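User: I am new to this structure and would like to go through it by question and answer. Could we begin with how the chains meet?

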Amino acid sequence: MTPRPPWPFRPRVWRSPLRGPWLTSVLGSVLLIGIPILVVTGLVSYASYNPRLGHNDTTPARGVLGFYLFSWITNPSWIYRVSQGTHVILGLVLTPVLLAKLWSVIPRLFAWPPIRSIAYALERASLVLLVGGAVFEFFTGIFNVEYFYPWKFSFYDAHFFGAWAFLVGFTVHVVLKTPRLMAALRSRSLRAELRTGVAETVPEPPEPDGLAPVAPSAPTISRRGLLGVVGGASFTVLALTLGESVDGLRGTALLAPRGRSYGGGPTDFQVNRTAAAAGIRPDVTGDSWRLVLRGPVVHQLSRPELLSLPQHTYRLPIACVEGWSTEQTWSGVRLADLARMAGARAPVSVYVQSLDENGAFGRATLSGYQVSDSRSLLALRVNGVDLSPDHGYPARVIVPAAPGVHNTKWVRQMSFEVD
Amino acid sequence: MERLRRAYGARTAHLLLLAGCFAFAGYVVDRVLQVPYAWMIGVYFVAAAVLHDFVLFPFDALADRLLRRIRLPSAHGAAPPLVNHIRIPALLSGLLFLMFFPLVLGLGERTYRSATGLGTGPYLGRWLLLTAGFFAASLLLYACRLVAARRRGSGKMEARSG
C-alpha cells in the first residue's frame, strides 16, 4: 500500500467544481494571444531607445538578447505611443486573466508524487521560469508605472532579462501544451457553456492532469459566471486606466498612475520629472542660458536668438515607457537646422545633454535619421505659450515616435557627430 | 534510443526542448550576473512564483470558504443565494487593491511626486469609492432579485391556496 500523501497533495483537497482542462484552456487561449503582444511591444520599446547609440542602452549587459535591434523609426509619429500604450494597458488588463489562469492550475503545483520521471522533473523545473517569470514581469511592470520600487536593482535590467527568462519558459509551455489545449477546447462548446447557469453546471470529468476535481463541491457559480467575472474585471481595469493613453478619456483614468490634471491651461499635460526634482533653478534657465551646439563648428545661442530662427509647428505625441501619452502642439527650431549651424550637414548622431545632470535620462543620443526628420524640433513653445519649467523651459527636444525620455528637457548642449 | 526514452520518461524531442530551454535560461542568468543587485533579481523572480502560490492563493481560498458559510435567513426559503453578490464586488475591489496598492497607500509617494509634481492622495479615496460602488451595485441587484423571488414565491402560494 502506498502511504497517504501529505495534506495539500491529496487530490480531494481541491474542491472547486469549475476547475478543469477546458476552463484552463479558455483562460490559456486568451493569454496565448495576449502575451505575444506584450513580448513584441516590449522588444519594440527596447529597440525604440536606439540602444546601439551612445549611452542609450538601459541594459548594456544584453549580449545576444539585442539581436533584433534596428535603427528606430520616426514614422508614423504615433507608433511608440500605440505600441507602448498597448504594452502597459494590455499588461494591466491581462492581470486578472493571469491570476485566474494560475488559480485554475494550482492543483498541479501539488501533484503527487512530485517527481515521476526525469522528463517530468525537468518540465516542472521549467515552470519556475513560466510562473515566476509571469508574476515577476507583471508585477515589476505594474510597480514601475506606479513609481513603487521595493528593490535596489534597475527596473530596466529586471524587466528585460526577466522577460527573456519568462519567454523561454512560456515557449516550452506552449510547445508542450498546445495539443492538450486544443483537445480541451474541443471537449466542450463555449457557446453552450455561455448558456449554462449555475444549477446545470457539472464538473469536468477527472483526468490524468489532475485539474478537474475528484471530489467537487456543489457549484456556487457557473463557468459562464466565472468567465464573466474575469472578463468584467479586465474590462474594469481597462476602463479605469485607458484614459492615461487616450486624450479624450483623460477623466476616466481613475486608477491610472497618470492622466491627472494640472489645473487646465496650455501646459496641462503629464510631467515626467519636475524642474524641482531635477534641480533646475530659475537662475540657470534665465537670460544667462545658452544652447551650445558642437560639431565641426561650435556655436552658442541665446533663447531670443533661437526664437529668431525659422520656427516650425507640429502636433506630435509625447509617449512614456510607462504607457501614458498625449498629443500636443510643439513649436521650435528644426534639429536639422541646428545641425547645419554646427557645420554638420548629415550628422550620424547627436548627443543631447540636459541641465539635469543627475537624472537617469539627463542625456540621450538621437540618430542621424531622427535628426533629419523635418518634424524633429528643439521646441521652445507648446500650445502657443512658452514651455513651462516642468516641461523643459527654456528648450526641449521633441522627436516623432521617440520614447518620452529621449525628448530631453532643459537642453544645454547638443554635440553632432559626423563621419 | 528506446532505452533512453524509457529512462528519461518522454520522447527525445522533449529532452531536446527542455535542454534548449535551460541552456538559454542559463545564458540569461549569465547576463543578469553582469548587472548590479543580480542576486536580488533572482530572489524576486523565485519569490514571485512562491508569493502567489503560497500567500495570495491560500488567503483567497480561505476567505472564499468562510464566505460560503454565510446563509441569510429567509422567510420563504426561496431567497436567491447571496454569496456571489458579496464575493464578486469583494474580488473586484481586492484585485484593484492588489494592482494599485502602491498608489492607494502612497508607497511610492516620493518618487511619484518628483516625477509628476503631484501627490498620490486622491487614489485612496478613489479606490474606496469604487469599492463602495461595486458593493452598492451588487447589493442593489440582489435586492431586485430578492423582490422578484418573493413575488414569484407569493404568486405560487396564492395559486396553491386558490
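Analyst: Two residues are taken to be in contact if their C-beta atoms, placed from the backbone, lie within 7 Å. The model discussed here is a predicted one.

User: How many residues does the contact take from chain A and from chain B?

Analyst: Counted in that way, the contact draws on both chains, with 51 residues coming from chain B and, on the other side, 63 residues from chain A. By class, the side of chain A that touches chain B is made up of nine charged, 13 polar and 41 nonpolar residues. The numbers asked for are thus 63 from chain A and 51 from chain B.

User: Which element gives the largest share of the side of chain A that touches chain B?

Analyst: The elements of chain A that give two or more residues to this side are α2, α3 (118-145), α4 (155-187) and α6 (223-241). With 15 residues, the largest share comes from α3(A).

User: How are α1(A) and α2(A) directed relative to each other?

Analyst: Helix α1 (residues 21-48) of chain A packs against helix α2 (residues 79-109) of chain A with the axes 8 Å apart and at an angle of about 150°. Angles over 145 degrees count as roughly antiparallel. Therefore α1(A) and α2(A) are, relative to each other, roughly antiparallel.

User: What is the handedness of the crossing of α1(A) and α2(A)?

Analyst: The residues of the contact between α1(A) and α2(A) comprise 14 nonpolar, 13 polar and one charged. As for its handedness, the crossing of α1(A) and α2(A) is left-handed.

Terms used:
Residues numbered from 1 in each chain as written. Chains lettered and ligands numbered in written order. Predicted model: local features only at pLDDT ≥ 70, side-chain atom pairs only at ≥ 80, totals over all residues. Axes fitted to C-alpha atoms, helices over the stretch in contact; angles between N-to-C directions. Helix = DSSP H or I, 4+ residues; strand = E, 2+ residues; numbered from the N terminus. Parallel < 35°, antiparallel > 145°, perpendicular 65-115°, else oblique. Left-handed = near helix turned anticlockwise from the far one by under 90°. Nonpolar A, V, L, I, M, F, W, Y, C, P; charged D, E, K, R; others polar.
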